[in-house]
Structure formats: C-alpha cells, structure tokens
Amino acid sequence: MKNVAQLRGYKAKPVTRGETAQAKALPFPDLSLVFKIGMVLLLATLLVGCGGQSSGGKGPRFDGQTFRGSAKPVQGHRAEFVATARQPSKSITGATQAAAYQGKQYCINTFGTSDIDWIVGPDTPTSQLPVSESSLTLTGRCRDR
C-alpha cells in the first residue's frame, strides 16, 4: 500500500470528451444479481412453506375429511350450545370430531376456555349419537372460568 507521501505526486489522467472513466472490477459479483437471486429464493421458500399448510380454504380436516359446521347457543342460556357437523355420511368419527371442534370454538370465543361439560359429546357411543342424513349434533355446556 502506498503511503500519503508517495501519492502526493500522483496526477490523475484527465477524462476527455467521449471517454468514460473505467472502474476496476470488484472481487465480488454484481450486487444487483445477488439481490435478485436472494429475493427469488426467499419467495420460493415462502411459497413452499405456505403451500404445505393449506387445506384448500375449507377449514381443518377430521378423519381425512372436511365438514361444514356451526355451534349456536340454546335459547336463553348462553353457556349451553348445540354444535353440528354436516354430511356425517363422509365419516361418523370425523363428523363427531368436527362438531366437538365447533363446540370448543364456541366456548373459547364466548367464555375464553375450551372446558366443556358434554351432554351428548364425542365420548357418547356412536349408536347413541343424534345423526340425520344431513347432520350430526352434539350438545354441551361451557364451563365459565
């Protein structure tokens, strides 16, 4: 490395019209290329990560199936609810789990807890569950904290 005393006598070559000053090549690649490659890798990683979590926007799966369902309070008693899962013919086990899920969601949203005293719940024998062609119904009571 040259010291300051050696550089004092150095005169830069003047640039004339039509000429451009040439910069020395840097020992590392073009940063814009590195940035573009990095962004492509980041986006690909995000897409792969999100793709594995998707269930087609239809909600969670129970016994390999998706079920439409709901949970509503019993008239005049906010703690008591009726939870349903539609199309139990897909899977009675899955429909039972889906209705229990709806009941838990209702209690969490209403009382902040998933503690439930089931009247007709997921532990009820399959032969005693109220099932129609279109829905399976569970009933319970949310435990208030």
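**Exercise 1. Work out which residues make the nonpolar surface patch, and how Leu 42 sits in it.**

Start with the members: Phe 35, Met 39, Leu 42, Leu 43 and Leu 46 make a nonpolar surface patch of about 490 Å². Such patches take residues with over 30% relative accessible area and no salt bridge, nonpolar side chains being joined within 5 Å; a salt bridge puts a Lys or Arg side-chain nitrogen within 4 Å of an Asp or Glu carboxyl oxygen. Areas follow the Shrake-Rupley method with a 1.4 Å probe.

Next, locate Leu 42: helix α2 (residues 31-51) holds this residue. Finally, its relative accessible area is 45%, so Leu 42 is partly exposed (buried is under 20%, exposed over 50%, partly exposed in between).

A word on the model: this is a predicted one, where local features need pLDDT of at least 70 and side-chain atom pairs 80 or more, while totals for chains, interfaces and linings use all residues. Numbering runs from 1 along each chain as its sequence is written, and side-chain values use heavy atoms, without hydrogens or water.

**Exercise 2. Trace the strand order of the open sheet, then place Thr 84.**

First, the order is β3-β4-β6-β5, with antiparallel pairing (strands are DSSP E runs of at least two residues, helices H or I runs of at least four; pairing needs at least two bridges). The edges are β3 (69-74) and β5 (116-120).

Then take the β4 to β6 pair: seven bridges join these strands, and Ala 83 has Leu 138 as its bridge partner.

Last, Thr 84 lies in β4 and is buried because its relative accessibility is 16%. Beyond four places in sequence, its contacts (heavy atoms within 4.5 Å) include Arg 68, Ala 99 and Leu 136.

Conventions:
Buried < 20%, exposed > 50% of the residue type's maximum accessible area, 1.4 Å probe, protein only. Patch = residues over 30% accessible without salt bridge, like charges linked within 9 Å, V, L, I, M, F, W, Y side chains within 5 Å.
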